[in-house]
Amino acid sequence: MPDVFNKRKRSKVMAAIRSSGNKATELKLVEIFRLYGIKGWQRKRRLVGKPDFIFPKERMAIFVDGCFWHGCRFHCRMPKSRLTYWTPKIIRNRRRDAEIGKQLRKLGWRVLRIWEHSLKNPERIAIRLHAMLGNAPQNRLNVAKDVNASTHSAKI
């Protein structure tokens, strides 16, 4: 079916659409929080970069980054068409992520970025979160003593 808008109008319509987050990945992380007894998180709070979750008491911001949109070196498969559009787009996203992290750290926040593919290993995420939050791990976790809880910025 042909597009009902011309190219310029379609671009304007698409630019007006604002994402409200990737619900599937965010809900998967909520499931991990609940499964491993991670408490104190909030969603949809106004903060630089619009983190997916924050832990206000611990001043930690969490972002769940999609492998394609944020350029995961293992899973980002660039489209074969329109490379002149997609390559700079992914590069801009990565630069914006770094800048947001820097701004949040200047404001005294710790930043954790979790790759979408890491959600398949919930125990690893839970171990890192418990360590960074300074929480005692739940019985289901066998937390290694060498996990560094003083990390100010991390990526899983």
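In this tour, helices and strands are runs assigned by DSSP, with at least four residues for a helix and at least two for a strand, numbered from the N terminus. Keep in mind that you are looking at a predicted model.

**Stop 1: the whole chain**

Start with a cartoon view of everything. From the N terminus on, the elements follow the order α-α-β-β-α-β-α-β, which gives 4 helices and 4 strands in the protein. The protein has 156 residues, and 35% of them count as buried. Switch on a surface if you like: the protein exposes about 10700 Å², with carbon and sulfur atoms supplying 52% of that area. Now think about contacts between residues with a separation of 6 or more: 54% of them join residues 24 or more positions apart.

**Stop 2: a group of rings**

Next, select Phe 33, Trp 41, Phe 53 and Phe 55, and show their side chains. These four form one aromatic cluster. How many aromatic pairs does a search of the whole structure find? The search finds 6. One of them joins Phe 33 and Trp 41 in a tilted arrangement, 5.3 Å centre to centre with 40° between the planes. Phe 33 counts as buried because its relative accessibility is 0%, whereas Trp 41, at 22%, counts as partly exposed.

Stay on Phe 33 and turn to its other partner here, Phe 55. This pair is edge-to-face, 5.7 Å centre to centre and with 75° between the planes. Phe 33 lies in helix 2 (residues 23-35) and Phe 55 in strand 1 (residues 53-55), so the pair ties together parts that are 22 residues apart in sequence. Are Phe 33 and Phe 55 buried or exposed? Both are buried.

**Stop 3: the nonpolar cores**

Keep Phe 33 on screen and add Leu 29, Ile 38, Ile 62 and Leu 129. These five have the most contacts inside the largest nonpolar core, which has 19 residues. Colour helix 2, strand 1, strand 2 (60-65), strand 3 (110-115) and helix 4 (122-133): each supplies at least two residues of this core. Which element gives the most to the core? Helix 4 does, with 5 residues.

Now centre the view on Leu 129. Leaving aside residues up to four places away in sequence, Leu 129 touches Phe 33, Ile 38, Met 60, Ile 62 and Leu 112. Apart from the core you have just explored lies another one, of 8 residues, including Leu 47, Ile 54, Phe 63 and Leu 104.

**Stop 4: along helix 3**

Select residues 83-106, which make up helix 3. Here is a small check you can try with the distance tool. At 1.5 Å a residue, its 24 residues should span 34 Å, and the end C-alpha atoms are 35 Å apart, which agrees.

Which residues of helix 3 are buried? They are Trp 86, Ile 90, Asn 93, Asp 97, Ile 100, Gly 101 and Leu 104. Strand 2 and strand 3 are among the parts that cover the buried residues of this helix.

Then pick out Arg 94, also found in helix 3. Arg 94 has a relative accessible area of 43%, so this residue is partly exposed. Not counting residues up to four places away in sequence, Arg 94 touches His 70, Gly 71, Cys 72 and Trp 115. From C-alpha to C-alpha, Arg 94 and Cys 72 are 9.6 Å apart in space, with their positions 22 residues apart in sequence. Just after the helix, stop at Gly 108, which takes a positive phi of about 90°.

**Stop 5: arginines over rings, and two loops**

Select Arg 113 together with Phe 63. Arg 113 lies over the face of Phe 63, at 4.1 Å from the ring centre. A second example is Arg 82, over the face of Tyr 85 at 4.6 Å from the ring centre.

Stay with Arg 82 and look at its backbone. Arg 82 sits in the loop between strand 2 and helix 3, and its phi is near 55°, a positive value in a residue other than glycine. With a relative accessible area of 55%, Arg 82 is exposed.

Your last selection is Lys 50, in the loop between helix 2 and strand 1. Its phi is near 50°, a positive value in a residue other than glycine. Is Lys 50 buried or exposed? Lys 50 is exposed, because its relative accessible area is 69%.

How values were computed
Residues are numbered from 1 along each chain as its sequence is written. This is a predicted model: local features need pLDDT of at least 70, side-chain atom pairs count only at pLDDT 80 or more; totals for chains, interfaces and linings use all residues. Side-chain values use heavy atoms; hydrogens and water are left out. Rings of Phe, Tyr and Trp (its six-membered ring) pair if their centres lie within 6.5 Å; planes under 30 degrees apart count as stacked, over 60 as edge-to-face and the rest as tilted. Buried means under 20% relative accessible area, exposed over 50%, partly exposed in between (1.4 Å probe, protein chains only). A charge sits over a ring if NZ of Lys or CZ of Arg is within 6 Å of the ring centre and within 35 degrees of the ring normal. A nonpolar core is a set of buried Ala, Val, Leu, Ile, Met, Phe, Trp, Tyr and Cys residues joined through side-chain atoms within 4.5 Å. Contact means heavy atoms within 4.5 Å. Accessible areas come from the Shrake-Rupley method with a 1.4 Å probe; for residues, only the protein chains shown count as cover. The expected span of a helix is 1.5 Å times one less than its number of residues.
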